[in-house]
Amino acid sequence: MVTATLRCGTVLSYEAPTFRPAPGDLVPCRRHGYCAVQQTSGSRGGGTFSRRGRPRAQSELREWLRGRTETTVHALRRHGFTLRMVAAAERDGLVVLDIPAGRVAVRSPTDD
Ligand SMILES: [Zn+2]
């Protein structure tokens with residue numbers, strides 16, 4: 001048995017893993033006709049979602065960084081933020097990453 005959570009919050013379950021849709025797929029929804037799949041769970045892989053609870057949101061990272069001037073990649077990972085998220089935060093201009101040193105400098109909004 002596998003489940004698919006839709007963007008609207010509806011959870012569909014499937015008897016056979018082969019019927020499991022992929023995130024982003026449009027599937028029939030009881031309430032809305034068709035809705036996009038947000039995430040799936042179930043046998044195959046077990047995957048990234050189950051390891052440490054739900055993934056953190058970018059807004060949580062923003063919140064966590066607030067008031068700090070510097071942190072480390074290690075500290076961020078310990079709090080459940082992935083390197084990919086930190087890299088995205090750098091693209092957004094929130095932080096300056098020094099990967100070899102493992103340092104993350106937090107940019108204050110006034111830096112510009
Ligand atoms: Zn729906």
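These are my notebook entries on a predicted model, taken up one region at a time.

**Entry 1: the zinc site**

I began with the zinc ion and looked up which protein atoms hold it. The donors are Cys8 (SG), Cys29 (SG), His32 (ND1) and Cys35 (SG), and they lie 2.0 to 2.3 Å from the ion. I then asked what arrangement the 4 donor atoms make around the zinc ion. They subtend angles of 100 to 114 degrees, and the arrangement is therefore tetrahedral. For comparison I noted that the ideal angle for four tetrahedral donors is 109.5 degrees.

Reading along the sequence, I found the donor residues spaced as C-x20-C-x2-H-x2-C. The pair of Cys8 and His32 links distant parts of the chain, since Cys8 sits in the loop between β1 and β2 while His32 sits in the loop between β3 (26-29) and β4 (33-41), 24 residues apart. I also checked how open these two residues are: Cys8 has 31% relative accessibility and counts as partly exposed, and His32, with a relative accessible area of 45%, is partly exposed as well.

**Entry 2: the strands beside the zinc site**

Next I followed β3 and β4, which form a hairpin with 3 residues between them. Their pairing is antiparallel and runs over 4 bridges. Within this pairing I found Val27 standing opposite Cys35 in β4, and Cys35 is one of the zinc donors already noted.

I then turned to Arg7, which is found in the loop between β1 (2-6) and β2 (11-14). Is Arg7 buried or exposed? Its relative accessibility is 54%, so Arg7 counts as exposed, given that the cut-off for this class is over 50%. Leaving aside neighbours within four places in sequence, I found Arg7 in contact with Ala36, Val37 and Gln38. The C-alpha atoms of Arg7 and Gln38 are separated by 5.1 Å, although their positions lie 31 residues apart along the chain as the spacing is counted.

**Entry 3: the open sheet**

Further along the chain I looked up an open sheet of 3 strands, which stand in the order β5-β7-β6 and pair in the antiparallel sense. The edges belong to β5 (70-72) and β6 (95-98); each has a single partner strand, so one side of each is left without a neighbour in the sheet. On average, and with direction ignored, neighbouring strands here are turned by 20 degrees against each other.

I took the two pairings in turn. β5 and β7 pair over 3 bridges, whereas β6 and β7 (residues 103-106) pair over 4 bridges. Val104 in β7 appears in both pairings, as the bridge partner of Thr71 and as the bridge partner of Leu97. Val96, for its part, stands opposite Ala105 in β7. Helix α4 (residues 83-91) packs on this sheet, touching β6 and β7, and its direction makes about 125 degrees with that of β6. In the hairpin of β6 and β7, which has 4 residues between the strands, I noted that Gly102 takes a positive phi near 75 degrees.

**Entry 4: side chains in the sheet**

Which side chains of β7 are buried? I found that the side chains alternate along the strand: Val104 and Val106 point to one face and are buried, while Arg103 and Ala105 point to the other face and are not.

From there I went to Thr71, which is found in strand β5 and is buried, with a relative accessible area of 9%. Apart from neighbours within four places in sequence, Thr71 is in contact with Trp64, Leu65, Leu76, Gly102, Arg103 and Val104.

**Entry 5: salt bridges**

Last, I asked how many salt bridges a search of the whole structure finds. The search finds 2. As background, side chains of opposite charge can pair when their charged atoms come close.

In one of these salt bridges the side chains of Asp98 and Arg103 meet at 3.5 Å, N to O. Asp98 is partly exposed at 30% relative accessibility, and Arg103 is partly exposed at 41%.

In the other, the side chains of Glu63 and Arg66 meet at 3.6 Å, N to O. Here I found Glu63 partly exposed, with a relative accessible area of 47%, while Arg66, at 60% relative accessibility, counts as exposed.

Key. Residues are numbered from 1 along each chain as its sequence is written. This is a predicted model: local features need pLDDT of at least 70, side-chain atom pairs count only at pLDDT 80 or more; totals for chains, interfaces and linings use all residues. Side-chain values use heavy atoms; hydrogens and water are left out. Two strands pair if DSSP finds at least two bridges between them. Helices (H or I, at least four residues) and strands (E, at least two) are DSSP runs, numbered from the N terminus. Axes are lines fitted to C-alpha atoms, for helices over the stretch in contact, and angles run from 0 to 180 degrees between N-to-C directions. Contact means heavy atoms within 4.5 Å. Buried means under 20% relative accessible area, exposed over 50%, partly exposed in between (1.4 Å probe, protein chains only). A salt bridge is a side-chain nitrogen of Lys or Arg within 4 Å of a carboxyl oxygen of Asp or Glu. Donors are N, O and S atoms within 2.8 Å of the metal (3.2 Å for Na, K and Ca); water is not among the atoms, so sites may look incomplete. Four donors count as tetrahedral if all angles lie between 85 and 135 degrees; four count as square planar and six as octahedral if opposite donors are over 155 degrees apart and all others between 65 and 115; anything else is irregular.
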